[in-house]
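Biologist: Please take a close look at one part of this model for me. I would like to hear about a pair of strands, and then about the cysteines.

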Amino acid sequence: MVFAHGFGCDQNMWRFVEPAFAGDFKTVLFDHVGAGGSDLKAYDKSKYSTLGGYADDVVEIGRELGLTDAVFVGHSVSSMIGALAVQKAPGMFGKLVMVGPSARYIDDDNYVGGFSEQQIEELLQFLDSNHMGWSAQMAPAIMGNPDRPELGEELTNSFCRTDPEIAKAFARVTFKSDNRADLAKIDIPTLILQCSEDIIASKEVGEFVHRGIPGSELIILEATGHCPNLSAPDEVIAAMKTFV
Amino acid sequence: MDSPRIDDFEDMFDNAPCGYVTLLTNGRIARVNRTLLGWTGHTSDQMIGKPFSSFLNMAGRIYYETHIAPLLRMQGFFDGFAIDMVTASGEHLQMIASATDGRDAGGKTEFTRVALIKAVDRRLYERGLLEARDMAATGLARERENSELREQFIAVLGHDLRNPLASISAGARILGRDATTEKQHQILAMLETTVMRMAGLIDNVLDFARGRLGGGIVLARNANAPVEQMLHQVIDELRLASPGRQIEAVYAIDAPVNCDRIRIGQLVSNLVGNALSHGATNEPVRVRAVTEDGLFKLSVANGGEPIPEAAMEKLFEPFFRGEVRASRQGLGLGLHIASQIAKAHEGSLNVTSTAEETCFTFVMPLR
């Protein structure tokens with residue numbers, strides 16, 4: 001069972017959910033390149049300018065571990081990264097779990113994504129105002145040793161901290177992505193977990209994804225917000241257990 | 001008498017110099033103080049029970065969901081983040097905030113307290129700094145691009161200059177066959193010298209451009225070809241080109257030198273050319289080439305004024321030019337290229353300069 005985090009933080013997003021599956025599954029956690037403890041030197045602007053670049057990494061991890069018929073659990077934008085990985089490597093994943101997915105964030109003709117182009121630009125600008133204590137000098141210490149307790153105080157905010165330029169680029173590729181055409185191509189059992197009140201992926205957006213993926217299952221959680229894996233892990237675990 | 005308000009905690013909460021909100025675990029507002037109501041222009045009825053994020057601008061809402069809420073769950077607090085609230089009249093209120101989770105004995109989050117400070121000026125200032133940084137970065141990138149284009153231009157120009165120069169040289173040689181008067185021979189010799197100097201300049205320019213463009217200096221090493229013969233030839237050419245100047249050469253080469261002879265020839269030519277330009281005209285330029293202790297050592301020395309202290313550091317930098325009479329003024333690439341050739345041979349090029357002598361020494365391992 002592969003857990004993939006979304007835009008904002010790192011694999012710690014799964015810290016309350018993953019242990020519940022570690023007994024029955026071989027669980028795989030990773031940080032996308034540019035996030036958490038990943039090697040920033042591996043960040044390649046052009047590769048990661050589309051979600052496909054991130055999906056390639058997922059496939060690479062799967063190949064390295066020899067995964068077949070695995071469960072892919074993606075939060076937020078990683079739901080769509082998973083959808084792309086499923087197409088890229090048939091047989092690698094047998095089931096797909098999407099937590100708070102959106103096939104497109106920006107409104108478009110008759111489609112309601114929840115955001116306007118201008119609001120996303122505003123976000124990119126705003127991210128500059130929150131560097132979260134990031135500084136180039138500290139980067140090597142943070143990135144290389146995410147688990148070193150002696151760095152203690154310095155690690156404040158580390159779960160969600162990365163190079164502001166990379167954060168902006170990831171936000172751009174996330175919020176400007178359009179994966180509506182990919183939904184119909186998902187040919188494995190898919191579970192969609194939708195929060196009751198989520199401004200990032202609204203109910204309409206979740207239902208759109210559900211309608212688009214043939215045979216998919218939609219569970220509406222009582223949890224609010226965009227990160228039920230942190231705010232309501234028990235509910236997420238219970239819902240996932242009905243599926244896997 | 002102390003005012004009773006000093007010990008009034010309700011008053012302290014409501015009229016604190018910062019905004020306070022207490023959020024339930026579902027992100028909705030449970031309490032809000034009067035200061036924040038005053039800043040935002042909302043009434044407490046309008047705010048209580050509503051999601052806190054609905055009073056943020058869209059960027060703030062996304063940031064709240066993707067960073068603030070997760071961080072609070074994971075580390076229990078988040079200090080000093082920027083956030084924009086939207087006032088009742090629709091204006092953005094730029095703030096700096098800190099938040100702390102209130103947890104029960106089992107570590108379960110029960111509520112979150114947020115303190116907000118108005119930071120309009122600070123945020124504006126930060127934005128200005130960021131804009132300045134971005135502008136500098138863009139400007140630098142543009143400059144880099146320009147300079148690469150310039151270097152490409154130099155490379156192409158240098159290359160194209162070789163052909164007409166070869167024509168001049170060939171023409172001079174043909175004319176030389178029929179030359180009869182002393183005057184004609186003098187002019188032809190001068191032409192040859194000029195062509196040689198120009199060819200040397202073009203070589204240096206091309207090498208510089210290549211080095212800058214990432215090609216670097218590529219060596220064609222050969223340990224078996226004789227080095228001494230090549231040195232003779234280069235120095236003879238330089239003697240011919242500098243009538244009236246004395247170049248003394250001493251060789252003690254008794255082991256094969258694994259080098260690119262043409263490059264070493266260029267290095268010697270550059271060093272001797274430099275010595276001729278800058279050294280005292282009434283003293284000889286002394287070249288010494290030896291193999292000893294597993295090393296090939298080549299030195300070029302001249303008399304005259306020592307190199308000023310300030311110039312020593314920059315000597316091997318491209319386009320550095322010392323004081324010299326205009327007719328001998330070069331591009332300032334000779335020593336730079338020589339040092340690059342030394343580096344390509346895993347060797348070194350150093351200089352000492354005293355009132356008695358200025359001496360450049362090139363040292364490289366024999367193999």
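Modeller: This is a predicted model. Start in chain B. Strand E3 (residues 77-86) of chain B and strand E4 (residues 92-103) of chain B run antiparallel, joined by eight bridges. Phe77(B) is one place to look: Thr100(B) in E4(B) stands opposite. The two strands, E3(B) and E4(B), make a hairpin, and five residues lie between them. Gly90(B) sits in that turn, with a positive phi of about 90°. In a regular strand, side chains alternate between the two faces of the sheet.

Now the cysteines. Over all chains, the whole structure holds one disulfide. Its partners are Cys9(A) and Cys160(A), with sulfur atoms 1.9 Å apart. The link of Cys9(A) and Cys160(A) is right-handed, with 85° about the S-S bond. Cys9(A) lies in the loop between strand E1 (2-4) and strand E2 (28-30) of chain A, and Cys160(A) in the loop between helix H4 (139-144) and helix H5 (164-175) of chain A, so the pair ties together parts 151 residues apart in sequence. Cys9(A) is buried, at 4% relative accessible area. Cys160(A) is buried too, with a relative accessible area of 4%.

Why does Cys227(A) not bond to Cys9(A)? The sulfur of Cys9(A) is the closest cysteine sulfur to that of Cys227(A), but at 7.1 Å it is too far for a bond, because a disulfide needs sulfur atoms within 2.5 Å. Cys227(A) is buried, at 7% relative accessibility. In chain B, the sulfur of Cys259(B) is 19 Å from the closest cysteine sulfur, in Cys359(B), so that pair is too far apart for a bond. Cys259(B) is buried, with a relative accessible area of 0%.

Definitions and conventions:
Residues are numbered from 1 along each chain as its sequence is written. Chains are lettered from A and ligands numbered from 1 in the order in which they are written. This is a predicted model: local features need pLDDT of at least 70, side-chain atom pairs count only at pLDDT 80 or more; totals for chains, interfaces and linings use all residues. Side-chain values use heavy atoms; hydrogens and water are left out. Two strands pair if DSSP finds at least two bridges between them. Helices (H or I, at least four residues) and strands (E, at least two) are DSSP runs, numbered from the N terminus. Buried means under 20% relative accessible area, exposed over 50%, partly exposed in between (1.4 Å probe, protein chains only).
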